[in-house]
Structures are given as C-alpha cells and as structure tokens.
Amino acid sequence: MFELSGRGDVVGTSVYSFLFTLGSGVASVALPLIALSSGLGATEIGVAATASALVQILARAYLGRVMRHVTDRALLVLAAAAQAAAFVAVVAESSLEVITP
C-alpha cells in the first residue's frame, strides 16, 4: 500500500505515527476544554487527566513486550482506531449536551 522506492513499512509507519501523534496532541488540548464546557469541574478534569497519564505510563511499560509479538503497523492501526473511536464518542457526547439542555 505504501511501497515507495523500497521504503515499504517505513513510510506507512511514519504516516500512522504522525497521525497518531497529531491526534494525541489535539486530544490533550481539546478534551479538557470540551469537559470544561460540558460543566465538569477542575477536580474532575484533573482526575481524568491523571488517569490518562497513568494509563499511558503503564501501557508504555509493557509496550516492548507487545511489540515483540505484533508488527508496528498493526499496533499503530489498532491505536489509531481506538483513538478515533474515543474521539467519535467524545464528539457524540458533547453534541448531545448541546441539543439537550
């Protein structure tokens, strides 16, 4: 699919990595703002941000073991799909709150 001049997986992995990193960066700014506009307090947003950081730390601790058994491409596709699903869920939730008072 991404076979360009024999670079193969490097191009595909780079594209997926870029999109995943971009999504993570946007989410780290957008999600607290969406939560704040939805009426959540600073404490609740802080707890959610802390939980997110802890999950990331734990996931990265075991990532080396997972990557020995799963290809980079499969792992990035799975991560991007999970992030996209979470984004859709957040957008759907915030859209419902705008419609219903």
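**Reading a three-helix model**

Me: Let's start just past α1. Which residue follows α1, and what is its phi?

Reply: That's G39, and its phi is positive, near 100°. Bear in mind that this is a predicted model.

Me: Okay, then how far do I trust it? What is the mean pLDDT of the protein?

Reply: The mean is 78, with 84% of the residues at 70 or more. Confidence also varies along the chain: helix α2, residues 42–69, has the highest mean, 86, while helix α3, residues 72–99, has the lowest, 76.

Me: Now the overall layout. How many helices and strands does the protein have?

Reply: Three helices and zero strands. Reading from the N terminus, the order is simply α-α-α.

Me: How do I read the span of a helix? What does α1 reach from its first C-alpha to its last?

Reply: The idea is to set the end-to-end reach beside what you'd expect at 1.5 Å a residue. Helix α1 covers residues 9–37, which is 29 residues, and reaches 41 Å, close to the expected 42 Å. Do the same for α2: its 28 residues reach 40 Å, close to the 40 Å expected.

Me: And bends? Where do α1 and α2 bend?

Reply: Look for the residue where the helix axis changes direction. In α1 that's A27, with a bend of about 30°. In α2 it's L63, and the bend there is about 45°.

Me: Next, burial. Which residues of α1 are buried?

Reply: The cut-off is relative accessible area: under 20% is buried, over 50% is exposed, and partly exposed sits in between. The buried ones in α1 are V11, G12, T13, Y16 and A35. Across the protein, buried residues make up 10% of the 101 residues.

Me: Let me try a pair from α1. Are S14 and S28 exposed or partly exposed?

Reply: S14 lies in helix α1 and counts as partly exposed because its relative accessibility is 42%. S28 is in α1 too, but S28 is exposed, since its relative accessible area is 51%.

Me: Both have partners far along the chain, right? What separates S14 from R73, and S28 from A49?

Reply: Compare sequence separation with C-alpha distance. S14 and R73 are 59 residues apart along the chain, and their C-alpha atoms are separated by 9.5 Å. For S28 and A49 it's 21 residues in sequence and 8.6 Å in space, C-alpha to C-alpha.

Me: Last one, the surface. Which residues make the nonpolar surface patch?

Reply: V15, F18, L19, L22 and V26 make it, and the patch comes to about 450 Å². Take V26 as an example: it lies in helix α1, and V26 counts as partly exposed because its relative accessibility is 48%. A patch residue needs over 30%, so V26 clears that cut-off at 48%.

Definitions and conventions. Residues are numbered from 1 along each chain as its sequence is written. This is a predicted model: local features need pLDDT of at least 70, side-chain atom pairs count only at pLDDT 80 or more; totals for chains, interfaces and linings use all residues. Side-chain values use heavy atoms; hydrogens and water are left out. pLDDT is the predictor's confidence in each residue, from 0 to 100. Helices (H or I, at least four residues) and strands (E, at least two) are DSSP runs, numbered from the N terminus. The expected span of a helix is 1.5 Å times one less than its number of residues. The bend at a residue is the angle between axes fitted to the seven residues ending there and the seven starting there. Buried means under 20% relative accessible area, exposed over 50%, partly exposed in between (1.4 Å probe, protein chains only). Patches are made of residues with over 30% relative accessible area and no salt bridge: like charges are joined within 9 Å, nonpolar side chains (Val, Leu, Ile, Met, Phe, Trp, Tyr) within 5 Å. Accessible areas come from the Shrake-Rupley method with a 1.4 Å probe; for residues, only the protein chains shown count as cover. A salt bridge is a side-chain nitrogen of Lys or Arg within 4 Å of a carboxyl oxygen of Asp or Glu.
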